[in-house]
Amino acid sequence: MRSKKRLLAICQNGLLAVYSVFALFPLIWMVLLTFKSDAQMFDTAFVFTPTLENYKAVLLRTDYLRYFCDSVIVSFGAVLISILAGVPAAYALARYDFKKKENVAFQILSFKFAPEILVVLPLFMIYQKIGLYDTYLGLIWVYQLITMPLLIWVVRGYFEDISVEIEHAAQVDGYFWWQIFLKTLVPLIKPGLVSSALLAFIFAWNSFTFPLQLAGIKVEPVTVAALKYLASDTVHYGQMAVAATISALPAIIFALLIQKHLVRGLSFGAVKG
Amino acid sequence: MIPVVPKKKVGDADNINAPPLSARIRPYLIVAPALIITIGIMIPFAMAIYYSLTSYSFRLPDYSFVGLRNWIRMFQAPEFWRAVWVTLRYASFSTGIEMLLGLGIALLLGNLNNRFSRIMRVALIFPLMVAPVIATIIWQLMLNSSVGIVEKFLNVFGVYNFPWAASHSTAMMTAVMIDVWVNCPFIIVLILAGLQSLPKSPFESAKIDGGSAWFNFRKLTLPMLKPYIYIALLFRLMAALQEFSIIFALTKGGPGDTLMNISITAYNTGFQFNKFGASLPYILFLWVVIYILAKQIAQRWQAAQRQASGKSIDERGEAG
């Protein structure tokens, strides 16, 4: 009985290990490649003399830093606007009982499921007409389809978790509704707000379909730019790996920071976790 | 005369006293900015319907109203049905594998409570945070026939130059594999949260009754996990039906039309062949399908959630 149990545990650990290799080895391999010179790329696997040449080449001799900054500006801008407009909306959807409330909430959620190409095709035309094509503002605006539903739905859930009594108490103390909002509620939802903002940032950062068609000359996020390293005639695999590594890094760091709230964010508040 | 008493709604946050007009419209005012920002960007949806009835092209200055011609041509075109077939295959393979694998790994993680599994609970999320495009680049580096580690590994077994994305027969498998790599952690995370929220008492009484592990899983775990499974399915299936980034970065739909799903076909028709009007019916069709499916799954999720919460409350009541 005991040995059977041990065998089962070994099997379970083994299966988990197999999947872990599948999930994590590509990332480790990618990081390894960044330290390999072009010459060693072809005939070595794990033993080689590490070099920083690829990093120097990508960061100093290409426009990669500019792409990186573009990604930062666009993603940060998108999240900021979503917070300013979305947090009050989330509050209203959590607290007030108004007509068509659930319709409004579902309308906002439905943006999440709309095919991105459907937005991109007509928007390409509109943006060129009104001068938003290939601008920061244009991308920040269209990114609202990614960041706003996430923020509103997740933050709404956190507001719903706060007892109404707290607000009543603040009301009795003579605060105005917006004072109650800023001084008592916002501090309470802060962890949830920060984590959903970071997750929204990751999603905006990883967006590809929107910037592929709606920008790409003056404004070019890393996701779109990374493909260039793949398509160029002289393939420098090491530089490709550097481009991929640096662009994946912020998202992975942020994900580590928000672990506890990740499930809630990923499921838009449907799973409280 | 009978004094008119204004009807009050009870339960609102600050409706303790009679709400003046300003308080009644306040919620709408608060929601308005968010709605304006997002609806502004939704104007394209309405425009898409209109332009699907025209011969609009990005190159030509004029266009004409052509009625349902674009729609009829689409339904007659073999490439449309081909795209539907590719979309369905891609979505069902990737979602199906992700659900089964994700459920399995989540059960393993929930069952094992050693240091290894605790580290993996965190580390396994990493692929999900990598942009699908970047993930595709990473896998192209892995599978590359001259520098890829997978090639070197396969050489040991005497397999040389496995074609991966370059061949008709293996391109779909390759794309699905990348999709699974990126998105399986999503299922794992959700199901694991579900497992951790399960009430303990039914499992304890099942232990006394001496049910087998498989019986417990089928009769207890799975039914109570249902809401989590539906949510996972909803998010994954809707995304897989419209997958664009992975396929675009991998082969742009090739080789030939092997990976031309509806999104890629619409993109090519609109931007490569400049037939904007003709590209829109494809994507509008996809939108309708996704919308209907999403509603169906969301309804099931709500029903499952009601059932599960009812059940667990009963059982908690018995235990207490």
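Biologist: Is the crossing of helix 6 of chain B and helix 8 of chain B left-handed or right-handed?

Modeller: Happy to look, bearing in mind that this is a predicted model. On helix 6 of chain B, the contact is made by Pro132(B), Ala135(B), Thr136(B) and Trp139(B), and on helix 8 of chain B by Ile178(B), Trp181(B) and Val182(B). The crossing of these two helices is right-handed.

Biologist: Nice! How are helix 6 of chain B and helix 8 of chain B oriented to each other?

Modeller: Their axes come within 10 Å and cross at roughly 125°. Angles of 65 to 115 degrees count as roughly perpendicular and those over 145 as roughly antiparallel, with this one in neither range. Helix 6 of chain B and helix 8 of chain B are therefore oblique.

Biologist: Which helix gives the most to the largest nonpolar core?

Modeller: That core has 182 residues, and Leu190(B) and Ile283(B) have the most contacts inside it. Leu190(B) touches residues of both chains, including Val263(A) and Leu266(A) as well as Tyr228(B) and Ile231(B). With 17 residues, the top contributor to the core is helix 8 (residues 168-196) of chain B.

Biologist: And where the chains meet, how many nonpolar residues has the side of chain A that touches chain B?

Modeller: The contact takes 78 residues from chain A and 76 residues from chain B. On the chain A side, helix 1 (residues 2-34) gives the most, with 13 residues. By class, that side has 4 charged and 14 polar residues, and its nonpolar residues number 60.

Methods:
Residues are numbered from 1 along each chain as its sequence is written. Chains are lettered from A and ligands numbered from 1 in the order in which they are written. This is a predicted model: local features need pLDDT of at least 70, side-chain atom pairs count only at pLDDT 80 or more; totals for chains, interfaces and linings use all residues. A nonpolar core is a set of buried Ala, Val, Leu, Ile, Met, Phe, Trp, Tyr and Cys residues joined through C-beta atoms within 7 Å. A residue is buried if 20 or more other C-beta atoms lie within 10 Å of its own, exposed if 12 or fewer, and partly exposed in between; C-beta atoms are placed from the backbone. Helices (H or I, at least four residues) and strands (E, at least two) are DSSP runs, numbered from the N terminus. Two residues are in contact if their C-beta atoms, placed from the backbone, lie within 7 Å. Axes are lines fitted to C-alpha atoms, for helices over the stretch in contact, and angles run from 0 to 180 degrees between N-to-C directions. Angles under 35 degrees count as roughly parallel, over 145 as roughly antiparallel, 65 to 115 as roughly perpendicular and the rest as oblique. A crossing is left-handed if the near helix is turned anticlockwise from the far one by less than a right angle, and right-handed if clockwise. Ala, Val, Leu, Ile, Met, Phe, Trp, Tyr, Cys and Pro count as nonpolar, Asp, Glu, Lys and Arg as charged, and the others, Gly among them, as polar. Lists of a residue's contacts leave out its neighbours within four places in sequence.
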